[in-house]
Amino acid sequence: MSNRRVLECFYDVVSPYSWLGFEVVCRYKNIWNVDALLRPGFLGGIMQASGNSPPAMVPKKGVYMAQDIARLSDFFQVPLRQPSNFFQSVIKKGSLQAMRFVTAVEMQHPEFLEPVSRELWRRIWSEDKDITEPESILEAAKKAGMSADQAKKLIESTALPEVKNKLKQNTDEALKYGAFGMPIIVAHVDGKPHMYFGSDRFELLAHQLGEKWMGPVPQKPRL
């Protein structure tokens, strides 16, 4: 990293809190004097390596999370809606194939990384739709502006070792920064990394950067 201030946002589209953090980073990347890097990772790998477990696996946390998501959706202006079968959609099906696709996008068509990620979140966390089947991923890619040919080639590439290894590399980097969940935002300031976990630490992050925090919606959102 150079002396330029860089924000790395590590995320997984299975995580609703990652969607919130992702959107805030995208909204502030042209307001704050920073370079923002979107870093797709695999939350399942981070949870396993860190010994963590999903908050919804604790019954009272699960009830709170459902209420929390409704409040956060309004506050962040992100259309979050809990899937009708949370365990099946989020825990059992997971996001490995989706995140391999997002990683392939990062590697081969980075100009689509932001919209593809957003459309996958929209499917699982707004429209209660699948993100694991190839047709589901194709539909998200199409809505993000990719051609069918581009998307099909990327889906085929998810089986390649280099794509699998890149996702593992991103995930391992997040773990090295101290990740135990997602999202994590890593601010590189004066050559040093500073890790922030979750979507509710942007006020602290702004203070560290010497930038102004204007809430999660500094301008009219695009969603």
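These are my notebook entries on what I looked up in this predicted model.

**Entry 1. Overall layout**

I began with the secondary structure and counted ten helices and four strands. Reading along the sequence, I wrote down the order β-α-β-α-α-α-α-α-α-α-α-β-β-α.

Next I checked the overall dimensions. The radius of gyration is 17 Å, which agrees with the value near 17 Å for a compact globule of 223 residues. The C-alpha trace spans about 45 × 40 × 40 Å along its principal axes.

I then looked at contacts along the chain. Among contacts with a separation of 6 or more, 74% join residues 24 or more positions apart.

**Entry 2. Surface and charge**

What part of the 223 residues counts as buried? The figure I noted is 50%. The exposed area of the protein is about 10900 Å², and carbon and sulfur atoms supply 52% of that area.

For the charges, I noted 29 positive and 25 negative ones. Their mean positions lie 3 Å apart.

**Entry 3. The nonpolar core**

How many residues does the largest nonpolar core have? I recorded 65, and the residues with the most contacts inside this core are Tyr-11, Phe-101, Val-116, Trp-125 and Leu-205. Helix H1, residues 16-28, gives the largest share of the core, seven residues. In soluble globular proteins, nonpolar side chains tend to be buried together.

I followed Phe-101 further. Leaving out residues up to four places away in sequence, Phe-101 touches Val-116, Ile-137, Ala-141, Met-146, Ala-151, Leu-154, Ile-155 and Thr-158.

**Entry 4. Two tryptophans**

Is Trp-19 buried or exposed? Trp-19 sits in helix H1. Its relative accessible area is 0%, so I put it down as buried, the cut-off being under 20%. From Trp-19 to Ile-31 is twelve residues in sequence and 19 Å in space, C-alpha to C-alpha.

Trp-121 belongs to helix H6. Its relative accessibility is also listed as 0%, so Trp-121 counts as buried. Which residues does Trp-121 touch, not counting those up to four places away in sequence? I listed Tyr-11, Asp-12, Val-13, Ser-15, Ser-18, Trp-19, Phe-22 and Ser-126. That list includes Trp-19, the residue I had just looked up in helix H1. I also took the C-alpha distance from Trp-121 to Leu-80, which is 8.8 Å across 41 residues of sequence.

**Entry 5. Asp-35**

Asp-35 is in strand E2, residues 35-40. With a relative accessible area of 33%, Asp-35 is partly exposed, because the value lies between the 20% and 50% cut-offs. Beyond residues up to four places away in sequence, Asp-35 touches Arg-4, Arg-5, Val-6 and Leu-7. I also checked Glu-8, which is 27 residues from Asp-35 along the chain, and found the two C-alpha atoms separated by 8.5 Å.

**Entry 6. Ala-144**

Ala-144 is in the loop between H7 and helix H8 (148-157). Where does its accessibility place Ala-144, buried or exposed? The value is 13%, so this loop residue counts as buried, the limit being under 20%. Apart from neighbours within four places in sequence, Ala-144 is in contact with Phe-112, Pro-115, Val-116 and Glu-119. Val-116 also appears in the contact list of Phe-101. His-207 is 63 residues from Ala-144 in sequence, and their C-alpha atoms are 34 Å apart.

**Entry 7. Backbone details**

Which peptide bond did I note as cis? The bond from Met-182 to Pro-183 is cis, with omega near 5°. Pro-183 is in the loop between helix H9 (161-176) and strand E3 (184-189).

I then turned to positive phi values outside glycine. Asp-128 has a phi of about 55° although it is not a glycine. Asp-128 is in the loop between helix H6 (113-125) and helix H7 (134-143), and its relative accessible area of 30% makes it partly exposed.

Asp-190 also has a positive phi, near 55°, and is likewise a residue other than glycine. Asp-190 is in the loop between E3 and strand E4 (192-197). Its relative accessible area is 67%, so I noted Asp-190 as exposed, the cut-off being over 50%.

How values were computed: Residues numbered from 1 in each chain as written. Predicted model: local features only at pLDDT ≥ 70, side-chain atom pairs only at ≥ 80, totals over all residues. Heavy atoms only, no water. Helix = DSSP H or I, 4+ residues; strand = E, 2+ residues; numbered from the N terminus. Rg over C-alpha atoms; globule rule 2.2 N^0.38 Å. Buried < 20%, exposed > 50% of the residue type's maximum accessible area, 1.4 Å probe, protein only. Contact = heavy atoms within 4.5 Å. Areas by Shrake-Rupley, 256 points an atom, 1.4 Å probe, with all protein chains shown as cover. Lys, Arg positive; Asp, Glu negative; His and termini not counted. Charge placed at Lys NZ, Arg CZ, Asp CG, Glu CD. Core = buried A, V, L, I, M, F, W, Y, C linked by side-chain atoms within 4.5 Å.
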